[in-house]
Amino acid sequence: MGAAFGTFGELLQGVLPEGDGDFLVTLPVARWTMATFRQEPDSGEVVVRPAGKTKALQLARTIGELSERRTGVPAGGTLHVNSVIPEGKGLASSSADLVATARAVGQALRVDMPPSRIERLLADIEPTDGVLYPAIVAFHHRTVRLRGVLGSLPVMAVVGVDEGGSVDTVDFNRIPKPFTLADRHEYARLLDRLTGAVRRRDLAEVGRVATRSARMNQLLRHKWSLEPMREICREVGGLGVAVAHSGTTLGILLDTADPSYTQRVSAAARACGELAGGVTVYRTLSFPGRGRAG
């Protein structure tokens with residue numbers, strides 16, 4: 001078996017003033033994909049359930065080929081992928097499917113799956129979020145490469161809405177980014193600010209950076225509800241607004257340790273419901289003991 005969490009969009013996403021500058025910073029949330037692989041050597045092939053999980057099937061077959069070259073034993077079997085992460089919304093559903101699949105198939109076939117190997121395998125399939133790391137990380141999603149581990153934050157709530165429709169991540173990442181050199185330098189400053197905020201566990205600064213990133217992303221994927229959501233955030237005393245930069249969701253960040261949290265989250269949910277209909281409250285993941293790394 002293998003598991004992987006999803007994200008609520010990103011705290012920050014943009015382009016830095018360097019080669020391979022496209023990057024994002026993850027916002028892990030308690031939504032999961034679980035994958036189970038049952039080896040059936042006599043079957044001679046790998047199948048996936050549900051059948052539409054074609055990227056997970058491609059990855060499972062690749063890992064099976066690695067195993068067969070090493071052992072000489074056919075790596076047939078059935079892969080079951082079960083997820084509670086909505087698809088096409090910018091919540092890393094596809095990335096979670098693939099990471100959970102790599103872990104499940106690797107475990108069953110005794111093929112080691114350190115993060116570096118998973119990155120190499122996923123790079124051949126699609127742009128990928130950094131959900132294979134149990135932390136908030138800066139990640140080069142187009143080339144599937146870790147930039148740095150920022151660390152962990154206290155648990156936040158995200159009062160989220162969905163503007164509707166879906167986005168294909170692969171297609172989205174083919175779109176040229178209209179950011180100027182000045183924009184790229186601003187993204188570098190925002191990444192420095194966010195890195196420091198995570199280190200200090202400064203949720204207010206995290207919210208400010210997330211909001212600025214959301215506003216800059218309007219050039220690339222406009223969200224009609226961003227400004228109304230910012231107003232709701234101000235009214236309820238939220239930390240800021242985070243968005244799925246390549247998706248359809250956005251949400252208000254709230255500190256769950258705030259003494260007024262219950263009142264704030266209720267007020268935010270009511271206002272967001274009046275604005276956009278259905279509301280989902282997510283909780284971010286915290287990773288105790290996860291210090292900052294390079």
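**Entry 1. Contact of α1 with α2**

I looked up which residues of α1 meet α2 in this predicted model. On the α1 side I noted Lys55, Ala56, Leu59, Ala60, Ile63, Gly64, Ser67 and Arg70. Their partners in α2 are Ser94, Leu98, Thr101, Ala102, Val105, Gly106 and Leu109. I then sorted the contact of α1 with α2 by class and recorded eight nonpolar, five polar and two charged residues.

Next I took the geometry of the pair. Two packed helices are described by the angle between their axes and the distance between the axes. For α1 (residues 54-71) and α2 (residues 93-109) I recorded an angle of about 25° and axes 9 Å apart. Angles under 35 degrees count as roughly parallel, so I entered α1 as roughly parallel to α2. I noted the crossing of α1 and α2 as right-handed.

**Entry 2. Gln58 in α1**

I looked up Gln58, which lies in helix α1. Gln58 has a relative accessible area of 39%, and I entered it as partly exposed. Setting aside residues up to four places away in sequence, I found that Gln58 touches Asp124 and Ile125. I also took the separation of Gln58 from Ile232, a residue 174 places away along the chain. The C-alpha atoms of Gln58 and Ile232 are separated by 43 Å.

**Entry 3. Helix α7**

Ile232 led me to helix α7 (residues 226-236), where I asked which residues are buried. I listed Leu226, Met229, Arg230, Ile232, Cys233 and Val236. These buried residues cover an arc of only 160° around the axis, so I placed them on the same side of α7. On the face turned away from that buried side I found the exposed residues Arg234 and Glu235.

I then looked up what covers the buried residues of α7. The cover includes the strands β7 (156-162), β8 (240-243) and β9 (249-255). It also includes the helices α6 (203-216) and α8 (261-276). Just after α7, I noted that Gly237 takes a positive phi of about 75°.

**Entry 4. Ser225, ahead of α7**

I located Ser225 in the loop between α6 and α7. Is Ser225 buried or exposed? Its relative accessibility is 0%, and I entered Ser225 as buried. Leaving out neighbours within four places in sequence, I recorded contacts of Ser225 with Glu163, Leu250 and Leu275.

**Entry 5. Backbone features in loops**

I checked the peptide bond between Arg49 and Pro50 and found it to be cis, with omega about -5°. I placed Pro50 in the loop between β3 (46-49) and α1.

I then turned to residues other than glycine with a positive phi. Arg110 has a phi of about 60° although it is not a glycine. I located Arg110 in the loop between α2 and α3 (115-123). With a relative accessible area of 68%, Arg110 is exposed.

For Arg201 I recorded a phi near 60°, again a positive value in a residue other than glycine. I located Arg201 in the loop between α5 (181-200) and α6. Arg201 has a relative accessible area of 46%, and I entered this residue as partly exposed.

Conventions. Residues numbered from 1 in each chain as written. Predicted model: local features only at pLDDT ≥ 70, side-chain atom pairs only at ≥ 80, totals over all residues. Heavy atoms only, no water. Axes fitted to C-alpha atoms, helices over the stretch in contact; angles between N-to-C directions. Helix = DSSP H or I, 4+ residues; strand = E, 2+ residues; numbered from the N terminus. Parallel < 35°, antiparallel > 145°, perpendicular 65-115°, else oblique. Left-handed = near helix turned anticlockwise from the far one by under 90°. Contact = heavy atoms within 4.5 Å. Nonpolar A, V, L, I, M, F, W, Y, C, P; charged D, E, K, R; others polar. Buried < 20%, exposed > 50% of the residue type's maximum accessible area, 1.4 Å probe, protein only. Arc of directions from axis to C-beta.
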